[in-house]
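Dear colleague,

Please find below the sequence and the structure that I am handing over to you. My findings follow directly after them.

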Amino acid sequence: MEPIAGTALYPLHRCKTIYLVRHAQGIHNVAGEKDFNAYMSQDLFDAQLTPLGWSQVDGLREHVKKSGLAKKIELVITSPLLRTMQTAVGVFGGENYTDGVSAPPLMVENAGHSGRPAVSSLNCPPFLAVETCREHLGVHPCDKRRSITEYRPLFPAIDFSLIENDEDVLWEPDVREANESVTLRGMKFFDWLWTREEKEIAIVSHSGFLYHTLSTYSKECHPTIRDEVGKHFANCELRSMVLVDRSMLGSDSSSFNYPGKIPAGLDLPSDVADKKHVEEAQKN
């Protein structure tokens with residue numbers, strides 16, 4: 001029987017399942033599609049979701065719950081921009097927040113002029129803001145973030161501890177980050193995921209970041225897979241991927257593997273015995 005080309009095996013403990021999400025429709029998406037020059041407008045600074053964007057969030061949230069995915073995700077990582085955090089908490093957060101509950105909300109009522117109720121942090125995974133998965137940096141005000149001091153009261157239960165600077169020191173008004181730089185940043189981000197113990201991780205990011213990063217990873221794939229992985233994300237689209245540790249970046253041992261030979265005993269396999277018998281016969 002001939003082996004099937006492209007089939008491969010890999011140890012489960014050297015794999016993670018990641019759920020990649022592009023943010024829902026933002027006000028910059030609408031303005032920019034009508035007039036590209038609108039991306040230069042200060043009115044789009046740290047663009048928030050549109051009402052349609054929130055409807056997209058509600059649709060994905062329903063899918064995540066019905067599919068059982070909501071119970072599998074151990075960590076939600078989000079880019080620290082308003083539209084990604086709104087999307088992240090709207091899709092993966094707890095139910096609507098109610099007074100008297102001691103846990104801080106993931107998002108307070110009307111955060112970012114959303115007109116939405118507060119979102120609870122109960123019965124959902126932890127949320128972590130990470131700068132490395134931001135959109136192209138520079139020039140476009142929609143891709144510049146607010147200070148973390150401004151974000152914390154809006155998203156009290158999101159963990160911002162990994163962000164080193166309160167102000168956005170990465171965004172430059174006159175220099176747009178090159179595609180190659182975005183790709184390298186994305187690859188570093190995926191490598192960093194191996195420092196996390198979680199195996200099922202949702203990541204809410206941006207079109208450019210996802211496109212350039214995934215296009216690089218898919219270069220060696222079959223053309224059909226390459227097209228599937230590398231195409232641009234729609235607003236609020238979710239794709240499930242398996243991240244494989246081919247470079248031994250992770251150090252986790254398998255929680256399912258069992259060493260066997262407990263209690264210890266003789267267990268020489270017949271094929272090994274056959275090989276030893278042939279080798280000994282050849283020596284003689």
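**The surroundings of Arg61**

Apart from its neighbours within four places in sequence, Arg61 is in contact with Val89, Gly90, Val91, Phe92, Gly93, Gly94 and Glu95. Please note that this is a predicted model. Arg61 itself belongs to helix H2, which covers residues 51–66. Arg61 counts as buried because its relative accessibility is 15%, and the limit for a buried residue is under 20%.

**The chain as a whole**

The chain contains 8 helices and 6 strands. Along the sequence these elements follow the pattern β-α-α-β-α-β-α-β-α-β-α-α-β-α. The C-alpha atoms occupy a box of roughly 85 × 45 × 35 Å along the principal axes. The chain has 284 residues, of which 44% count as buried. If one takes the contacts between residues at least 6 apart in sequence, 78% of them join residues at least 24 apart.

**Helices H5 and H6**

I looked in some detail at one pair of helices. H5 and H6 pack at an angle of about 75°, and their axes are 8 Å apart. H5 is therefore roughly perpendicular to H6. On the side of H5, the contact is made by Asn179, Val182, Thr183, Arg185, Gly186, Met187, Phe189, Phe190 and Asp191. On the side of H6, the residues involved are Gly208, Phe209, His212, Thr213, Leu214, Thr216 and Tyr217. By character, the residues of this contact comprise 7 nonpolar, 7 polar and 2 charged.

The buried residues of H6 are Ser207, Gly208, Phe209, Leu210, His212, Thr213 and Leu214. Among the elements that cover them are strand S1 (15–22), H5, strand S5 (200–205), helix H7 (223–230) and strand S6 (238–244).

**Aromatic residues**

The structure holds 6 aromatic pairs. One of them joins Tyr151 and Phe160, whose rings are stacked, at 6.2 Å centre to centre and with 10° between the planes. Tyr151 and Phe160 are both buried.

A second pair brings us back to the two helices described above. The ring centres of Phe190 and Tyr217 are 5.3 Å apart and the planes stand at 40°, so this pair is tilted. Phe190 lies in helix H5 (residues 179–192) and Tyr217 in helix H6 (residues 207–217); the two residues are 27 apart, and the pair links distant parts of the chain. Phe190 is buried, with a relative accessible area of 4%, whereas Tyr217 is partly exposed, at 35%. Phe190 and Tyr217 also belong to one aromatic cluster together with Phe189, Trp192 and Phe209.

A charged residue also meets a ring: Arg239 lies over the face of Phe233, 3.7 Å from the ring centre.

**Residues in loops**

Which residues have a positive phi although they are not glycine? His113 is one, with a phi of about 55°, and Cys236 is another, with a phi near 65°. His113 is situated in the loop between H3 and S3, while Cys236 is in the loop between H7 and S6. Their surroundings may be set side by side: His113 is exposed, with a relative accessible area of 72%, whereas Cys236 counts as buried, at 8% relative accessibility.

The loop that holds His113 also holds Ser121, between helix H3 (82–92) and strand S3 (127–129). Where residues up to four places away in sequence are not counted, Ser121 touches Ala103, Pro104, Pro105, Leu106 and Ala157. Of these, Pro104 is 17 residues from Ser121 in sequence, and their C-alpha atoms are 6.6 Å apart in space.

Finally, I would draw your attention to Leu266, in the loop between S6 and helix H8 (270–283). Leu266 has a relative accessible area of 94% and is therefore exposed, the limit being over 50%. Its C-alpha atom is separated by 50 Å from that of Ser215, which is 51 residues away along the chain.

With kind regards

Methods:
Residues are numbered from 1 along each chain as its sequence is written. This is a predicted model: local features need pLDDT of at least 70, side-chain atom pairs count only at pLDDT 80 or more; totals for chains, interfaces and linings use all residues. Side-chain values use heavy atoms; hydrogens and water are left out. Rings of Phe, Tyr and Trp (its six-membered ring) pair if their centres lie within 6.5 Å; planes under 30 degrees apart count as stacked, over 60 as edge-to-face and the rest as tilted. Buried means under 20% relative accessible area, exposed over 50%, partly exposed in between (1.4 Å probe, protein chains only). Helices (H or I, at least four residues) and strands (E, at least two) are DSSP runs, numbered from the N terminus. A charge sits over a ring if NZ of Lys or CZ of Arg is within 6 Å of the ring centre and within 35 degrees of the ring normal. Axes are lines fitted to C-alpha atoms, for helices over the stretch in contact, and angles run from 0 to 180 degrees between N-to-C directions. Angles under 35 degrees count as roughly parallel, over 145 as roughly antiparallel, 65 to 115 as roughly perpendicular and the rest as oblique. Contact means heavy atoms within 4.5 Å. Ala, Val, Leu, Ile, Met, Phe, Trp, Tyr, Cys and Pro count as nonpolar, Asp, Glu, Lys and Arg as charged, and the others, Gly among them, as polar.
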